[in-house]
Amino acid sequence: MKITFIGLGIMGSRMAGNLLKNGFDVTVWNRSPSPMEELKAQGAKTAASANEAVPQADVVFSMLSTPEVVEQVFLTEGGALSHMKDNAIWVDCSTVNPSFSLRAAQAAAKAGIRFMDAPVAGTKPQAENAELVFFVGAEKSLLEEVQPYLNRMGNKVLHIGETGKGASFKMLVNIMLAQSMAIFSEAVLLGEKMGLSKAFLLNVIPNLAVAAPFTKAKAEMVRSDDYEVQFPLELMYKDLHLAALTAYELKQPLYLANVAKELYAEADKKGMGRLDFAAIFKYLEER
Ligand SMILES: NC(=O)c1ccc[n+]([C@@H]2O[C@H](COP(=O)([O-])OP(=O)(O)OC[C@H]3O[C@@H](n4cnc5c(N)ncnc54)[C@H](OP(=O)(O)O)[C@@H]3O)[C@@H](O)[C@H]2O)c1
């Protein structure tokens, strides 16, 4: 079986690396060449374009930043989808909105390609250590074909439902993640203003039942004022935007996530987009 991996950013480079470590035949493509060179050293074949990367592949994975980029690479006329072989499988792991996944699935079906949305939970270390959790939207039989590859990149595969449902569930996870980080930040900053020590707050709050467990790791970033990127703040802003768009499409009010979206928008505008999203603390602290 031949695999192609498109998009070698923070997540994709590590996911493709884990497929290579397990001996799979992997061809890679990325817009900027340096991650391709690193994977070539690990045994990957490289391609000059997405269109040249896909024709031989039985399974194509994509891990691209936004739905607009997935559209540009795969769905535009003459894009990668039209170069894939008949009946191949396209697994889109990018975080996109469910209506986009449905549109991608329709375009894939028209091109004779089987589509699956499989966004992930977990960030840079989990991608590195093959500990991602996949949220899959697809027919069960299609998942069974792809599962051996997912098992090499993650340690849990959740079959959420039919096409689009993986993207739907991922959206819920990320609106909670974004808001929880902002809530944690506000609590610590108010605590400091009330004269409680920052060290005490960062040690104790993440262990309380009211805190989201991931804040333990983010508290270390706050403590050291080092927001080296794991999940870029600009992509969290994108996910909040996609949630707002989805809520609009479904006529479902979404109050707090929209407030959080504007916070992340301002932080992004202040140049924090390529810091980890935990830098929302820094943004609120400096505001
Ligand atoms: N990081 C996380 O913790 C995390 C966790 C779960 C899900 N996700 C999701 O996974 C996806 C990838 O995230 P990431 O953290 O790996 O992001 P990233 O490091 O910013 O990588 C983004 C990827 O998209 C490519 N790209 C961007 N614009 C492009 C364009 N116009 N044409 C072609 N390629 C383009 C980049 O290519 P270049 O290298 O050339 O820029 C890179 O391969 C996103 O949808 C994100 O929301 C991320």
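This briefing covers helix α5, the packing of α11 against α12, and the loop residue Asp225. The model is predicted, so local features need pLDDT of at least 70 and side-chain atom pairs count only at pLDDT 80 or more, while totals for chains, interfaces and linings use all residues. Residues are numbered from 1 along each chain as its sequence is written.

**Helix α5**
- Helix α5 (helices being DSSP runs of H or I with at least four residues, numbered from the N terminus) comprises residues 98-110 and reaches 18 Å from its first C-alpha to its last.
- Pro98, Phe100, Ser101, Ala104, Ala105 and Ala108 are the buried residues of α5, buried meaning that 20 or more other C-beta atoms, placed from the backbone, lie within 10 Å of a residue's own.
- These residues lie on the same side of α5, because they cover an arc of only 150 degrees around the axis, taken from the directions from the helix axis to the C-beta atoms.
- Just after α5, Gly112 has a positive phi of about 75 degrees.

**Helices α11 and α12**
- The axes of α11 and α12 (residues 255-272) are 9 Å apart, and the helices pack at an angle of about 145 degrees, where axes are lines fitted to C-alpha atoms over the stretch in contact and angles run from 0 to 180 degrees between N-to-C directions.

**Asp225**
- Asp225 sits in the loop between α10 (215-224) and α11 (233-250).
- Asp225 counts as exposed because it has 10 C-beta neighbours inside 10 Å, the limit for exposed being 12 or fewer.
- Although 56 residues separate Asp225 and Phe281 in sequence, their C-alpha atoms are 9.5 Å apart in space.

Key: Helices (H or I, at least four residues) and strands (E, at least two) are DSSP runs, numbered from the N terminus. The expected span of a helix is 1.5 Å times one less than its number of residues.
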